[in-house]
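Dear colleague,

Please find below the structure that I am handing over to you. My notes on what was found in it follow directly after.

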Amino acid sequence: MNVMQPVDRVRGAVHDKERHESGHKHVSGTAEYIDDIPEPAGTLHGYLGLSQRAHAEILSVDFEAVRNSPGVVGVLTAEDIPGENDISPAHKHDDPVFAAGKVEFHGQPIFAVIATSREAARRAAAKVKIDYRDLPHVTDVLEAAAANYPLVIDPLKLERGDIDAGFAQAKNTVSGEMRIGGQDHFYLEGQISFAIPGEDDEVTVFSSTQHPSETQLMVAHVLGVPSNAVTVNVRRMGGGFGGKETQANLFAAVAAVAARKYRRAIKVRPDRDDDMTATGKRHDFHVDYKVGFDDDGRIEAVDAVFAARCGFSADLSGPVTDRALFHADNCYFYPNVRLRSRPLKTNTVSNTAFRGFGGPQGMVGGERMIEDVAYALGKDPLEIRKLNFYGGEGRNLTPYHQTVEDNIIGRIIEELEVSSDYAARRQAAIAFNRESPVIKRGIALTPVKFGISFTKTEYNQAGALVHVYTDGSIQLNHGGTEMGQGLYTKVAQVVADEFQVDLDHIKVTATSTGKVPNTSATAASSGSDLNGMAAANACQQIKERLVRFAAERYGVGEADIAFEPNTVRIGAERIAFADLIKAAYAARVQLSAAGFYKTPKIHWSRAEGRGRPFYYFAYGASCSEVSVDTLTGEYQVERTDIIHDVGKSLNPALDLGQVEGAFVQGMGWLTTEELWWDAKGRLRTHAPSTYKIPLASDRPRVFNVRLAEWSINREETIRRSKAVGEPPFMLGISVLEAISMAAASVADYRIPPRIDAPATPERVLMAVERLRAARAAGRDDRAAKIVDD
Ligand code: MTE
Ligand code: MOS
C-alpha cells in the first residue's frame, strides 16, 4: 500500500468558484456546436418553406420552379411523413410538422427543400407558388377575446377566501389593465438539427434541444418507428432560454424524415429571420385586475384575469399560463383572491417556454397592483410591498394553498435597502425631479419569490450514468443539457466532491438518449437540483462497492474507510484513488452505476387548484435607478443593486453570472424588446435591426450584484443549493418600476403611470404626456383606461 500525504481539499469541488468547463472553448472558438460537426460525404441541407398567410386554405402548391432550381434534390411535404404529421408536446395533435390543407399563422412551415447546399435550398424554397383562400385571422389577444376565439387548453382558476366579502369590506378599490409583451429568445446559436441515417430504421439526430428525450419521441412518432431506433445527442447549445424546449422538435423531425427518405446525412438550419418567424416566443399577456385595500395599503382582495396570446396550438401554453397564476402573488399575501387564466388561440406562431415560463408575466401583473395601490395612496411602493409580505399568523398561504415555509424576503430586502441606500436615494431623486425640468429620475426596489419544481409532477425525476475507468479517470453523463448555464460544471463538481478527486479527473460527455433514457427537459431551473442528485446517487453506489471491497481486502471496518482529497483512507493508511480503482477492477468490482433521483414532497391537483407544486422558493431583490428624458422618452439605467438567494451555492462564479445575465435579459424584456405583428399577421420584428435586445452599453452604469451568502436551502437539495436559472430574470422588474416613478414625477406621484411593457421610449413618452395632461386638467385620471396601441 502506498502511503500518501493528505492534501487539504480537492480542486473544483462543490461551493468553489470554478470557471465554466467550456469557458475557454467558448471564447477561443473551439467549443463544438452542431454546425461545427464534420459533415459526412454527401451531406444534404434542408430549408423550410413558410406560409405567407396568417390563416388560409391552401388551394394548390406549384413546386416546379423549386424543383428546377440549381442543387435541388427533392421537396418534402406532409405526404412524405411516414408516421404522424404531428409534434404536439401536449399530445393534442394540433402541431403539424408541415401544414396540410390550411395554414394557421404567417410563417408556418408548409414544405422543406432538400438540396446540395443550404444556400441552394434556401433560394429554391423562395420560388414556390402557392394559391391560398384567405380566412379571417386574429393575431391580438384582446381581439381574440372579443372574437370569442377558442382556448388552446382548459383555463386554470386559483381561489382562496371570499373575494366578494373581501371587496365589500375594503375601503379602497382600484381596477385596471395592463399589457405585457412577449419576447424572442435570441439565443446566439439558432435552431439546428443534423440527422444521420443508420441501418434498418435507425437514425441519430444531433439537435440543439433542451429536451433530447422528447425530441427522440417526436422523431420516432413522425417516422413511425419505436423510440429505440432513434438516438438524440447534444453536447451543448449556444443558448436555449426555453426556446429549445419544444421548438427544436420541428427541425429534428424534418432532418430525420429527409435522412430516412434520401439515406443521406441532412442538416436543417434556418436563418435568423426565419428562426424568429417560425418558432414560438414568450407569451404576451393582457391582465385585467381589481384590488381592494385599506388606507395603509394593506391588500384585502385581488381578482385578476390573465389572458395570453398562445398562438395557433397548445404547445406549453397550459403550464405557462398556470405558472403565471402561481406567481401573481409574488411575495404578497392576498387574504381573498381569485386568479384566472385565459389561454387564447391566435393566428400567430405558437408561443412557448421562456425563462420564467409565464411566472414573470404573473409577477409583473402582481407588481402593477402594488404600484397602483401606492400611487393611489401617494406612498412609496416599497412601503406597500413590505406591508403585504407573507409572514405572521395566518398570512402564509398562497392562492394555490401551499404554505410558504422558507420565507427570507424580509432579510434580503432589509440588507438591500441598506446596501443600496434606497431611502436616501429616493429622497434625492424626488429633490432632483423638483429642480430638473426635462430629465427625471426614478428608483424602485422590487422583490422576487419563484417556485422551484416542474408543476408537471412526473418531470421531477432524473438519471445519471457514472463510469470510473481503470486509470482512475471518471466519465459523467446525465439527463440535463448544457446551454451555457454551467450545468455540466456543477454536476461534475458534485462528482468531484463525492469521490474527493480534483475536478479535472472528470469528463462530462454529450447528453444522449442512448445513455440516460426518459429524461425531463432541462428547464424550470431544475437542472442541477435533479441531475446533481442523480449523479450523487450514482457515485454513492460505486463508493459503497469500493468500501465493501476495501474493507474485505485490507481487513478494516467499513467505517474506517474514507474518501479524502485524491486518496482513500483505509484504517491508518492512505492509498491513491487510482490505485484503489485498479485493485477493485482486478477484483472484479463493478465500476459503473446509473443514478436516479425524484423530488420528494410535491403534489398538485390542477382540477382543485390545490397542492404543493413547489419543493421550495428562491428569493431575490433588486434596486434600480433610472434617468428618463421626458422630451424623448429615452432612458438610461444609472445603477442596479441586487441580492439574490441561491441557497448554499454550488458554484458562486457561475451563479453570479446567471444572476447578472438573467437581470439584463429581464430588463430587455420590459424595456426595449418589442414584438410587432402587422395587420396581415406578419411578424415585422424578425431581426436585430428591428428587435432590440440589450447591448453591453445598456447595462446599468453601476451594477452591484451579490449572492445572499448566508442562505441555505432548508430542504435537502443537492448540497443545500437552490436553483438559479430563472428566478433572477424577474429582478428586471425594478427597472420598469423605476421608469414608472420617473414618469409619475410629472404628476406629483399621485397618478398611477401604468406604462405597458415593454416600456419602449415611445410608451414612456406617451405616458409622460398623458400624465402631464391629466395634471394640467387637474383631474385624477387613475381610473382611466390607458391602453395605448
Ligand atoms: N443561461 C444561459 N447561459 N443560457 C440559457 O439558455 N437558460 C435559462 C437558464 N439560464 C439559459 C441560461 C433557462 S430558461 C433555464 S430553465 C435554466 O437556465 C436551465 O438550466 P438549469 O436548470 O440547469 O438552471
Ligand atoms: Mo426554461 S423557460 O424552463 O427552459
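**Findings**

Y749 sits in the loop that runs between α18 and α19. Please bear in mind throughout that this is a predicted model. The phi angle of Y749 is near 60°, a positive value in a residue other than glycine. Y749 counts as buried because its relative accessible area is 17%, and the limit for that class is under 20%. The loop between α18 (733-744) and α19 (761-776) also holds P758. The peptide bond leading from A757 to P758 is cis, and its omega is near 0°.

F186 is another residue other than glycine with a positive phi, here near 45°. Its loop connects β8 (172-180) with β9 (193-197). With a relative accessible area of 13%, F186 is buried.

**Ligand 1 and the largest pocket**

Which residues come nearest to ligand 1? Of the 18 residues around the ligand, these are G240, F241, M483, G527 and Q658. Three polar contacts may be of use to you when you examine the pose:

- G240 places a backbone N or O atom 2.7 Å from an oxygen atom of ligand 1.
- Q485 has an N or O atom in its side chain at 3.0 Å from an oxygen atom of ligand 1.
- S526 places a backbone N or O atom 3.2 Å from an oxygen atom of ligand 1.

The largest pocket encloses about 1,200 Å³ of space. Its lining is made up of 46 residues, and those closest to the centre are F241, R355, M483, G484 and Q658. F241, M483 and Q658 are thus named both among the residues that come nearest to ligand 1 and among those closest to the centre of the largest pocket.

Three helices each supply at least two residues of this lining, namely α14 (487-499), α15 (527-554) and α17 (652-671). Which of the elements gives the most to the lining? That is α17, with 7 residues. Sorted by class, the lining of the largest pocket comprises 19 polar, 17 nonpolar and 10 charged residues.

**Cavities**

The structure also contains 9 cavities of 30 Å³ or more. The volume of the largest cavity is about 210 Å³. A set of 17 residues lines the largest cavity, and I87, D95, Q247, L250 and A278 lie nearest its centre. By class, 10 residues of this lining are nonpolar, 5 are polar and 2 are charged.

**K345, E104 and Q108**

K345 and Q108 may be considered together, as each has a polar contact with E104. K345 belongs to strand β15, which covers residues 336-345. Is K345 buried or exposed? Its relative accessibility is 18%, so K345 counts as buried, the limit being under 20%. The side chains of K345 and E104 are joined by a polar contact of 2.8 Å. Not counting residues up to four places away in sequence, K345 touches E104, A144, Y149, P150, L151, V152, G311 and F312.

Q108 is placed in the loop between β4 (102-103) and β5 (109-115). Q108 is likewise counted as buried, at 3% relative accessibility. In this case the side chain reaches the backbone nitrogen of E104, at 2.7 Å. Neighbours within four places in sequence aside, Q108 is in contact with G49, L50, S51, P96, A99, V103 and F312. F312 therefore appears in the contact lists of both K345 and Q108, where contact means heavy atoms within 4.5 Å.

**L591**

L591 lies in the loop that connects α16 (577-586) and β24 (592-598). At 9% relative accessibility, L591 counts as buried. Leaving out residues up to four places away in sequence, L591 touches V466, H467, V468, I542, R545, L546, I581, A584 and Y585. Among these partners, I542, R545 and L546 fall within the range of α15 (527-554), one of the helices that supply the lining of the largest pocket. How far apart in space are L591 and G633? The two residues are 64 Å apart, C-alpha to C-alpha, and 42 residues apart in sequence.

Yours sincerely

Key. Residues numbered from 1 in each chain as written. Chains lettered and ligands numbered in written order. Predicted model: local features only at pLDDT ≥ 70, side-chain atom pairs only at ≥ 80, totals over all residues. Heavy atoms only, no water. 1 Å grid on protein atoms, 1.4 Å probe; cavity = no way out; pocket = protein on both sides within 12 Å on 5 of 7 lines; lining within 4 Å. Points joined across faces, edges and corners; volume = space filled by probe spheres on them. Helix = DSSP H or I, 4+ residues; strand = E, 2+ residues; numbered from the N terminus. Nonpolar A, V, L, I, M, F, W, Y, C, P; charged D, E, K, R; others polar. Buried < 20%, exposed > 50% of the residue type's maximum accessible area, 1.4 Å probe, protein only. Near = heavy atom within 4 Å. Polar contact = N/O pair within 3.5 Å; in protein donor to acceptor, adjacent residues only side chain to side chain.
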